[in-house]
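Let's take a walk around the two ligands in this model and see what holds them. Keep the 3D view open while you read.

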Amino acid sequence: TMLILSPSILSADFANLGRDVARAAAAGAEYIHIDVMDGHFVPNYALSPCTMRDIAKVSSTAMDVHLMVDNPDSYISAFADAGASIITPHLETLTHPIRTLKLIRSLGKKAGIAINPATDIAPLAYMTDFVDLVCVMTVDPGFAGQQMIPSAIDKIAKVRSLFSQAGRKVDIMVDGHVETETAPKMVAAGANVLVMGSSGLFHHEPRDYKRTIDFFKNL
Ligand code: DX5
Ligand code: ZN
């Protein structure tokens, strides 16, 4: 089965955002990964519904929104309106995760849930019916260009088996340091959606994006 690629435009050139989104889509990326940071849940700021609305004007590529923000319930409808296809808040920010997942689906979007490297996956067992995608963070979120945390590989396999045991299909996204050394292990463990950031895609020359994306898709 083919993998799904989602370039993280956090690592694009913001002075040429439309151009970089178009290049990623032309190279065959299925999604555009939108990293939203509030300077509170993570020690950095990035992206917003405004940026997404501008991207939606020039691109029809589906946007997957990674919400690295506290109190995500207050912002989910704004991201839905701005053109999100998948909305993925962090488990660590949710007091009532099932309520939030239902809210996302009620807006006609796919419901994702992201989990930090040191967060236990056990609560996911109680939400399998409400989740379309699990984003297993392979670095602590907040910055591009970090090293993979090795225990993340085993966690991917555990999430995959937790959902199979529940008889549920789910997309497993990996986010952080996805590159030629790490991605094969992530995929072997059960990941099927790869976030391509500074390490896997954007350090290449744009003319090599197609070759790079083909390489990862066919892992
Ligand atoms: C991490 C972000 C990622 C990051 C991944 O906080 O959510 O999307 O940009 O890209 P890398 O690790 O390859 O730079
Ligand atoms: Zn991300």
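A cavity here is a set of grid points, over the protein atoms alone, where a 1.4 Å probe fits but cannot get out. In this predicted model, the space taken by ligand 1 is the largest cavity. Which elements give two or more residues to the shell around ligand 1? They are β2 (31-38), β4 (62-68) and α7 (198-202).

So much for the frame; now the residues themselves. Ligand 1 is surrounded by 18 residues, and the closest are D35, G142, G145, S198 and S199. By type, the shell splits into six nonpolar, ten polar and two charged residues.

Some side chains also put an N or O atom close to an oxygen atom of ligand 1, and here are the distances:

| Side chain | Partner | Distance |
|---|---|---|
| D35 | oxygen atom of ligand 1 | 2.7 Å |
| H66 | oxygen atom of ligand 1 | 3.4 Å |
| S198 | oxygen atom of ligand 1 | 2.4 Å |

How much of ligand 1 does the protein bury? Taken alone, ligand 1 exposes 380 Å², and the protein buries 100% of that.

Now for the metal. Ligand 2 is a zinc ion, and its protein donors are H33 (NE2), D35 (OD), H66 (ND1) and D175 (OD), at 2.0 to 2.3 Å. Along the chain, these donors follow the spacing H-x1-D-x30-H-x108-D. The pair D35 and H66 links distant parts of the chain: D35 sits in strand β2 and H66 in strand β4, 31 residues apart.

Two names turn up at both ligands. D35 has a polar side-chain atom 2.7 Å from an oxygen atom of ligand 1 and is also a zinc donor. H66 has a side-chain N or O atom 3.4 Å from an oxygen atom of ligand 1, and H66 gives ND1 to the zinc ion.

Technical notes. Residues are numbered from 1 along each chain as its sequence is written. Chains are lettered from A and ligands numbered from 1 in the order in which they are written. This is a predicted model: local features need pLDDT of at least 70, side-chain atom pairs count only at pLDDT 80 or more; totals for chains, interfaces and linings use all residues. Side-chain values use heavy atoms; hydrogens and water are left out. A residue is near a molecule or strand if one of its heavy atoms lies within 4 Å of it. A polar contact is a pair of N or O atoms within 3.5 Å; within protein, one must be able to donate a hydrogen and the other to accept it, and residues adjacent in sequence count only if both atoms are side-chain atoms. Accessible areas come from the Shrake-Rupley method with a 1.4 Å probe; for residues, only the protein chains shown count as cover. On a 1 Å grid over the protein atoms alone, a cavity is a set of points where a 1.4 Å probe fits but cannot get out, and a pocket is an open set with protein on both sides within 12 Å along at least five of seven lines; lining residues have an atom within 4 Å of a point. A molecule sits in a cavity or pocket if more than half of its atoms lie within 2 Å of its grid points. Helices (H or I, at least four residues) and strands (E, at least two) are DSSP runs, numbered from the N terminus. Ala, Val, Leu, Ile, Met, Phe, Trp, Tyr, Cys and Pro count as nonpolar, Asp, Glu, Lys and Arg as charged, and the others, Gly among them, as polar. Donors are N, O and S atoms within 2.8 Å of the metal (3.2 Å for Na, K and Ca); water is not among the atoms, so sites may look incomplete.
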